[in-house]
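I opened this notebook to record what I looked up in the structure. The entries follow the order in which I worked.

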Amino acid sequence: MSRLPTDIATPAEPGAGPTPPPLPATMRSGRRIAWARRRRALAGYAKTFRKSRQGMIGLGVLTLFVLMAMLAPYVVDQAQIHVATATGPILHPPAPQWPLGTDSYGRQVLGQLVWGSRVSLLVGITATIGAMLIGSVMGIAAGYFGGKTDTFLSAITNWFLVLPWIALAIVLATTNPFHLPQIGNIILVIAITSWAGTARLVRSQTLTVKERPYVERSRALGSGDWHLVTRHVLPNVMPVIFANTVLMVAIAILSEAALGFIGLGDPNSVSWGTMLNESYNAGSLTAGYWWWFIPPGLAIVFVCLGVTLCGYALDEILNPKLRSR
């Protein structure tokens, strides 16, 4: 019986699509090398971060508040923070039964502090992510394309930079043009009013990255704009974006506290800003009810301090100039 030559391909089974060609060995090895480099870089960053005293202190503070927010349902009964179900005495100073005292409605200040961390951290982190996305897209587009695109986007960025953010935030928070829930509207307000500084920073970094030799070589080989932005520009500006994101969390938390203090917070949820607003309206500053306004104020200070310490430590690690110094 004669055998078919081995160089003749056998027909594919009926219904089976064309078999995709395998990736070249050089491409597979190149991807493995790239991922190995990324893993080594992340391991080096983590090792350097662990050696930073301020970074570890900030991370410890943030971990404490994050755990407090996550364990709030198991630590404090939610019924003790509602006006209708609170059972404590009115304006009772700190005592063993009420470690941080009570407010004018008999609610535990400790319970409000613990449950308020959930809203404050949620608004701060989510609004920061939104601001970073808007600022990164605007900055990369302005810096990479240049010309009329840069002029138009820079004009919008400069308008948001010079406009008083509190005025725009008050208008957006009171009108709610997108008909979102109050907490979602606050997140959107902070994101819209906080992205301009990031856009300027990312634009300046993009202007330097796009002129580097490896970008010019990739463009000469026929790479398109999408490939250049996603494979060369974005990875090189990502450290700047990440470090700035960590620092922006503190600004977003302060913005939420400011909106809550002036009465534009979510009335259906407890946050540190609304706690300060209620204590101020009740005259706790003049009446001496210090246990009502000092705990949320200290919580805001410590969270912002922890975020700032982590941000400075990451900036020193990711910035080659600061790292060498």
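**Entry 1: The exposed leucine and its patch**

I began with leucine 285, which is exposed because its relative accessible area is 52%, where exposed means over 50%. I located leucine 285 in helix α12, residues 284-287. I note at the outset that the model is a predicted one.

I then asked which residues make the nonpolar surface patch of about 630 Å². I found Trp165, Ile166, Ile170, Phe261, Ile262, Tyr280 and Leu285 in it. Helix α6, residues 165-175, gives the most to this patch, with three residues.

**Entry 2: The chain as a whole**

I looked up the secondary structure and found 14 helices and zero strands in the protein chain. Of the 325 residues, 39% are buried. I recorded an accessible surface of about 18900 Å², with 67% of that surface belonging to carbon and sulfur atoms. Among contacts with a separation of 6 or more, 69% are accounted for by residues 24 or more positions apart.

**Entry 3: The nonpolar cores**

Nonpolar side chains tend to be buried together in soluble globular proteins. I therefore looked for cores, and the largest nonpolar core here has 31 residues. Trp272 and Val303 are the residues with the most contacts inside that core. At least two residues each are supplied by α2 (53-70), α4 (109-145), α10 (225-261), α11 (272-281) and α13 (290-318). The largest share of the core, 11 residues, comes from α13.

Which residues does valine 303 touch, not counting residues up to four places away in sequence? I listed Leu62, Phe65, Leu121, Ile253 and Trp272. I also found a second, separate core of 15 residues, which includes Ala169, Ile187, Ala252 and Leu264.

**Entry 4: The salt bridges**

I found that the structure holds four salt bridges, and I examined several of them in turn. Aspartate 103 and arginine 107 meet through their side chains in a salt bridge, at 2.8 Å from N to O. Aspartate 103 counts as buried, at 0% relative accessibility, and arginine 107 also counts as buried, at 5%.

Glutamate 278 forms a salt bridge with arginine 107 as well, with the closest N and O atoms 2.7 Å apart. This pair links distant parts of the chain: glutamate 278 is in helix α11, arginine 107 is in the loop between α3 and α4, and they are 171 residues apart. I noted glutamate 278 as partly exposed, at 28% relative accessibility.

Glutamate 216 and arginine 219 meet in another salt bridge, at 3.3 Å from N to O. They are separated by about one helical turn, because they are three residues apart in helix α9, residues 213-220. Glutamate 216 is partly exposed, with a relative accessible area of 35%, and arginine 219 is partly exposed at 32%. Salt bridges that share partners join Asp103, Arg107 and Glu278 into one network.

**Entry 5: Two positive phi values**

Most residues other than glycine have a negative phi. I therefore wrote down leucine 91, whose phi is positive, near 50°. Leucine 91 lies in the loop between α3 (72-75) and α4, and it counts as partly exposed at 21% relative accessibility.

Asparagine 176 has a positive phi near 50° too. I found asparagine 176 in the loop between α6 and α7 (182-192). Is asparagine 176 buried or partly exposed? Asparagine 176 counts as buried because its relative accessibility is 15%, and buried means under 20%.

**Entry 6: Two serines and a phenylalanine**

I placed serine 52 in the loop between α1 (25-51) and α2. Serine 52 is buried, with a relative accessible area of 13%. Its side chain reaches the backbone nitrogen of glycine 55 at 3.2 Å.

Serine 154 is in helix α5, residues 147-162, and is buried with a relative accessible area of 11%. Leaving aside neighbours within four places in sequence, I found serine 154 in contact with Arg200 and Arg203.

My last stop was phenylalanine 242, which lies in helix α10 and is partly exposed, with a relative accessible area of 44%. Outside its neighbours within four places in sequence, phenylalanine 242 is in contact with Leu314 and Leu318. I also noted that its C-alpha atom is separated by 8.8 Å from that of methionine 132, 110 residues apart along the chain.

How values were computed. Residues are numbered from 1 along each chain as its sequence is written. This is a predicted model: local features need pLDDT of at least 70, side-chain atom pairs count only at pLDDT 80 or more; totals for chains, interfaces and linings use all residues. Side-chain values use heavy atoms; hydrogens and water are left out. Patches are made of residues with over 30% relative accessible area and no salt bridge: like charges are joined within 9 Å, nonpolar side chains (Val, Leu, Ile, Met, Phe, Trp, Tyr) within 5 Å. Accessible areas come from the Shrake-Rupley method with a 1.4 Å probe; for residues, only the protein chains shown count as cover. Helices (H or I, at least four residues) and strands (E, at least two) are DSSP runs, numbered from the N terminus. Buried means under 20% relative accessible area, exposed over 50%, partly exposed in between (1.4 Å probe, protein chains only). A nonpolar core is a set of buried Ala, Val, Leu, Ile, Met, Phe, Trp, Tyr and Cys residues joined through side-chain atoms within 4.5 Å. Contact means heavy atoms within 4.5 Å. A polar contact is a pair of N or O atoms within 3.5 Å; within protein, one must be able to donate a hydrogen and the other to accept it, and residues adjacent in sequence count only if both atoms are side-chain atoms.
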